[in-house]
Amino acid sequence: MRKPIIAGNWKMNKTAAEAEALINELKPLVAKSKPEVVLCVPYTALWVAGKAIEGTKIKLGAENVAWADSGAFTGEISADMLLEAGVEYVIIGHSERRQYFGETDETVNKRMKQALAKGLKPIVCVGETLTEREKNKTKRVLKKQIVDGFKDITAEDFDNIVIAYEPVWAIGTGKTATAEDANKTIGYIRSLVKKIWGQEVGKALRIQYGGSMKPSNAKELMAERNIDGGLIGGAALKAADFAGIVNYKD
Ligand code: PGA
């Protein structure tokens, strides 16, 4: 019922020229993909990437969006700018933004509302740090991120939202949550959404796992009932690795 969605999060990697080369290498490898495939690329690569994916099923994504329409927000990028470049999805609240750039549940909420109002589809990241996990605070942290981050978001809005559960300790560390563990935590997020926004919303919501996902563990993770896709960092920078995840069923 829920179509799997595999999204690459390129972070601050790849110039426009490198992006074009990577996408051209990737295209034939994911041509028959069953999941929805999204590439979230740096702003300067958006136009080139948009051109490179023309005529394919690959969707274009960005890595952030401003909450304001336009104006004095140095260094930010507006929804209209992204839409003009052909962007459909946008990552919001990645742990690196929370950790290094002062992103909070409140700013996540503002960005998400703006994205939805403009017709962009947010991929909203949540997840606990290692310390929080070791102190058994995972559920409490996730609950706060969902309750505060999704304040005033309606049941209808969820038609266009994807959540990415990314345990911070698993990002770029080579440590993956076990499939069972990830499934359990994502199940908790789903139950929370059901409780707040209704059974149907929770059932239909796509929730990705993110954190050192690679071809060798994708199949096992994707086999879990609650896991509907992946947000892929490191492994998205190599065509063969990303394709290996997209084609996890083969
Ligand atoms: P990783 O990153 O796959 O390199 O762990 C995932 C992410 O940060 O989205």
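**Salt bridges and helix packing**

With a relative accessibility of 0%, Glu-128 counts as buried, since the buried class takes in values under 20%. The structure described here is a predicted model. In this model the side chain of Glu-128 forms a salt bridge with that of Arg-133, with an N to O distance of 3.2 Å. Arg-133, by contrast, is classed as partly exposed, its relative accessibility being 24%. The salt bridge between Arg-133 and Glu-128 thus joins a partly exposed residue to a buried one.

Across the whole structure, a search finds 22 salt bridges. Five residues, namely Glu-36, Lys-59, Glu-88, Lys-121 and Arg-206, are linked in a network of such bridges. Two pairs within this network are described here, and Glu-88 takes part in each of them. In one pair, the side chains of Glu-88 and Lys-59 meet at 3.8 Å, N to O. This pair connects distant parts of the chain, as Glu-88 is located in the loop between α3 (79-84) and β4 (89-92), whereas Lys-59 belongs to strand β3 (residues 59-62), 29 residues apart. Glu-88 is partly exposed, at 24% relative accessibility. Lys-59 is likewise partly exposed, with a relative accessible area of 24%.

In the other pair, the side chain of Glu-88 meets that of Lys-121 in a salt bridge of 2.8 Å, N to O. Because Glu-88 lies in the loop between α3 and β4 and Lys-121 in strand β5 (residues 121-126), this bridge ties together parts of the chain that are 33 residues apart in sequence. The relative accessible area of Lys-121 is 23%, and this residue therefore counts as partly exposed.

The position of another lysine, Lys-214, was also examined in relation to Glu-88. Lys-214 is placed in the loop between β7 (206-210) and α10 (215-222). Its relative accessible area of 31% makes Lys-214 partly exposed. In sequence, Lys-214 and Glu-88 are separated by 126 residues, and in space their C-alpha atoms are 24 Å apart. When neighbours within four places in sequence are set aside, Lys-214 is in contact with Gly-174, Thr-176, Ala-235 and Ile-245.

Three helix pairs were considered next. Two packed helices are described by the angle between their axes and by the distance between those axes. Helix α1 (residues 16-26) packs against helix α11 (residues 239-246) at an angle of about 45 degrees, the axes being 9 Å apart. This angle makes α1 oblique to α11. The crossing in which α1 passes α11 is right-handed. On the α1 side, Leu-22, Glu-25 and Leu-26 take part, and they meet Ala-239, Phe-242 and Ala-243 of α11. Divided by class, this contact of α1 with α11 comprises 5 nonpolar, no polar and 1 charged residues.

For helix α5 (residues 105-118) and helix α7 (residues 138-149), the packing angle is about 45 degrees and the axes are 8 Å apart. The two helices, α5 and α7, are therefore oblique to each other. Their crossing is right-handed. Asp-105, Asn-109 and Met-112 of α5 meet Lys-144, Gln-145, Asp-148 and Gly-149 of α7. The contact of α5 with α7 contains 1 nonpolar, 3 polar and 3 charged residues.

Helix α7 also packs with helix α8 (residues 179-197), where the axes come within 11 Å and cross at roughly 40 degrees. With that angle, α7 and α8 are therefore oblique to each other. A right-handed crossing is found where α7 passes α8. From α7, the contact involves Thr-138, Lys-139, Leu-142, Lys-143, Ile-146 and Val-147, and from α8 it involves Thr-185, Tyr-188, Ile-189, Leu-192, Ile-196 and Trp-197. The residues of this contact of α7 with α8 are 8 nonpolar, 2 polar and 2 charged.

Conventions:
Residues are numbered from 1 along each chain as its sequence is written. This is a predicted model: local features need pLDDT of at least 70, side-chain atom pairs count only at pLDDT 80 or more; totals for chains, interfaces and linings use all residues. Side-chain values use heavy atoms; hydrogens and water are left out. Axes are lines fitted to C-alpha atoms, for helices over the stretch in contact, and angles run from 0 to 180 degrees between N-to-C directions. Helices (H or I, at least four residues) and strands (E, at least two) are DSSP runs, numbered from the N terminus. Angles under 35 degrees count as roughly parallel, over 145 as roughly antiparallel, 65 to 115 as roughly perpendicular and the rest as oblique. A crossing is left-handed if the near helix is turned anticlockwise from the far one by less than a right angle, and right-handed if clockwise. Contact means heavy atoms within 4.5 Å. Ala, Val, Leu, Ile, Met, Phe, Trp, Tyr, Cys and Pro count as nonpolar, Asp, Glu, Lys and Arg as charged, and the others, Gly among them, as polar. A salt bridge is a side-chain nitrogen of Lys or Arg within 4 Å of a carboxyl oxygen of Asp or Glu. Buried means under 20% relative accessible area, exposed over 50%, partly exposed in between (1.4 Å probe, protein chains only).
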